[in-house]
Amino acid sequence: MSMTTLSSPLAQPGKIIAVHLSYRSRAEQRGRFPAHPSYFFKPASSLSASGDALERPAGTELLAFEGEIALIIGTPTRRVSPEQGWAAVSGITAANDFGVYEMRTADKGSNVRSKGGDGFTPIGPVVLPAEGLDPDAIRVRTWLNGTLVQDDTTAGLLFPFGQIVADLSQLMTLHPGDVILTGTPAGSSVIVPGDTVEVEVDAPDAPGSPSTGRLVTHITQGTEPFGDFGMKPSVDDKQREEAWGSAEAAGLPTSAPFELTDELKHRINSVGTATLSAQLRKRGLNNVSIDGLHSTRPDRRLVGRARTLRYIPNREDLFAAHGGGYNAQKRAFDALGPGDVLVMEARGERGTGTVGDILALRAQVRGAAGIVTDGGVRDLAAVAALDMPTYHAGGHPAVLGRRHIPWDVDVTVACGGTSVQPGDVLVGDADGLIVIPPSLVDEVVTDAIEQELEETFIAEQVANGEGVDGLYPMNATWKARYRIWLTERS
């Protein structure tokens, strides 16, 4: 495989186009899953070569790196299909899409100043010919001062290379030499003067394991201040969190997130949904049950955190735009993690499936605790054979598109007559399904355990022939006897 080495000064392309968000790992980190790719331009003057230094502008603190794969267009390309898009690429190389977060406010979404500075787009050092490479098996890695901080492959792309090229070619001709930066995976963060960032793109499974070599950038401190004739850098905690990748990494105060620990799950599983429902009712929450569904595994208890997926009624033009490809349904299943419960809003529509055996299996493999849909299920026998329970309104052989369009994920949904938000705790047993707000879980479970102890005592007394008057609920006399009973049990 013949390779081309990039040297400085670089030939300037007519266009440098960058994708905002394209890797699943980055989308999970940001909590945003775009339905379609979106783009911004970078000036050709931002190009630099391996080994060049990059100034962090004076008066800024949030210069961030983004290791990426750069596509180099090899032929005039206009109105091609996604299947034809990859064929328009002559080569790939490593790139680093540097940006200064303090200038995002000034840009108002354009990225002109935040990502257009001199040297903000190093690429190279070697171009790998695209011919013979599998576009779904290319790796990008980034090192910060010798430590690996980004490591992903194009198998994790939300939008394949061919789709990106085809999408751009719908409105503009891509010319030979144009560069497309294809987005960065999770792990991007802030750098400071004295740091060295290295990016490498390779194809480890291709013959000879071709590699671009490491694209090296040394960070220095700029000394020239911004003048008063333009908007100066500004920063807030939101920009700090996004630049660093998390509030914790940015050193910002964080509230302890709710965690559904194994110990808490054990406590939840020690009480029935009926008791939990009674405790929620005491707190004024009466509409917390998901009604009218059946479980594929009524022998299995369900406890987990809600992730959500919303379907809207099918309309052919909207389905054409949102129903195919890596749609919201597929993104929702791929985003599931251990202990998650995917809750689907299907409007009680039983006239088609909302999930089938392949995606249900995907959920189980991802470690999900269960699936809940107020719509139909395809391949019901196969779904029922899984260890993971699926709550559903009935079986149906028709495909999703008969009645539904997958629309959005991780939003508040309506399912089985109640509202479910991402992060809510779902509990299911033979009595049904209930939703518990995370802020109430600990106190509700604590009081439910106490309630069931009281009911165990009351049941024992009834079994011994006692009447229920004064016992259920307990009056002062029976409460005194109950405290003695508790002491004897401990």
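Pro473 sits in the loop between α12 and α13, and in this predicted model the peptide bond leading into Pro473 from Tyr472 is cis, with omega near 5°. A second cis peptide bond links Gly124 to Pro125, where omega is about 0°. Pro125 also belongs to a loop, the one between β10 (121-122) and β11 (126-129). For background, most peptide bonds are trans, and most residues other than glycine have a negative phi.

That second point brings us to two residues worth a look on your screen. Ser209 is not a glycine, yet its phi is positive; the same kind of entry applies to Arg347, which is likewise not a glycine and has a positive phi. Here are their values side by side.

| Residue | Phi | Loop | Relative accessibility |
|---|---|---|---|
| Ser209 | about 45° | between β16 (196-202) and β17 (215-221) | 38% |
| Arg347 | about 65° | between β21 (340-345) and α10 (357-365) | 35% |

Buried residues have under 20% relative accessible area and exposed ones over 50%. Ser209, at 38%, therefore counts as partly exposed. By the same reasoning Arg347, at 35%, is partly exposed.

**Two helices that cross**

Back to the helices on either side of Pro473. The axes of α12 (residues 441-463) and α13 (residues 476-489) come within 11 Å and cross at roughly 105°. Angles of 65 to 115 degrees count as roughly perpendicular, so α12 is roughly perpendicular to α13. On the α12 side, the contact is built from Glu450, Leu453, Glu454, Thr456, Phe457, Glu460 and Gln461. Helix α13 brings Trp478, Arg481, Tyr482, Trp485, Leu486 and Arg489. Sorted by character, the contact residues of this helix pair are six nonpolar, two polar and five charged.

**The nonpolar cores**

In soluble globular proteins, nonpolar side chains tend to be buried together. In this model the largest nonpolar core holds 59 residues. Which residues have the most contacts inside it? They are Ile69, Leu71, Trp86, Ile92 and Phe333. Helix α4 (residues 161-169) gives the most to this core, supplying five residues.

Trp86 is a good place to start exploring. Leaving aside residues up to four places away in sequence, Trp86 touches Leu71, Ile92, Ala130, Leu133, Pro135, Ile138, Phe161 and Gly162. Apart from the largest core lies another one, of 17 residues, including Ile268, Leu280, Val288 and Val441.

**Phe40 and its neighbours**

Phe40 is found in strand β3 (residues 39-42). Is Phe40 buried or exposed? Its relative accessible area is 6%, so Phe40 is buried. Not counting residues up to four places away in sequence, Phe40 touches Ile16, Ile17, Ala18, Val19, His20, Asp97, Ser110, Asn111 and Lys115. His20, one of these contacts, is 20 residues from Phe40 in sequence, while their C-alpha atoms are 7.2 Å apart in space.

**A five-strand sheet**

Strands of a sheet pair through backbone hydrogen bonds, either parallel or antiparallel. Here, five strands make an open sheet in the order β5-β17-β16-β12-β13, with mixed pairing. At its edges stand β5 (53-56) and β13 (147-153); each has a single partner strand, so one side of each is left without a neighbour in the sheet. From one strand to the next, the twist averages 20°.

Let us walk through the sheet from the β13 edge. Strand β12 (residues 139-144) runs antiparallel to β13, and six bridges join them. Trp143 stands opposite Leu148 of β13. Six bridges also join β12 to β16, again in the antiparallel sense; one pair to find here is Arg141 with its bridge partner Glu200 in β16.

Why is β16 described as largely enclosed by the rest of the structure? Six of its seven residues are buried, so the strand is largely enclosed. From there, β16 and β17 pair antiparallel over four bridges, with Thr196 opposite His218 in β17. The loop between β16 and β17 is where Ser209 lies, which returns us to the residue with a positive phi of about 45°.

Definitions and conventions:
Residues are numbered from 1 along each chain as its sequence is written. This is a predicted model: local features need pLDDT of at least 70, side-chain atom pairs count only at pLDDT 80 or more; totals for chains, interfaces and linings use all residues. Side-chain values use heavy atoms; hydrogens and water are left out. Axes are lines fitted to C-alpha atoms, for helices over the stretch in contact, and angles run from 0 to 180 degrees between N-to-C directions. Helices (H or I, at least four residues) and strands (E, at least two) are DSSP runs, numbered from the N terminus. Angles under 35 degrees count as roughly parallel, over 145 as roughly antiparallel, 65 to 115 as roughly perpendicular and the rest as oblique. Contact means heavy atoms within 4.5 Å. Ala, Val, Leu, Ile, Met, Phe, Trp, Tyr, Cys and Pro count as nonpolar, Asp, Glu, Lys and Arg as charged, and the others, Gly among them, as polar. Buried means under 20% relative accessible area, exposed over 50%, partly exposed in between (1.4 Å probe, protein chains only). A nonpolar core is a set of buried Ala, Val, Leu, Ile, Met, Phe, Trp, Tyr and Cys residues joined through side-chain atoms within 4.5 Å. Two strands pair if DSSP finds at least two bridges between them.
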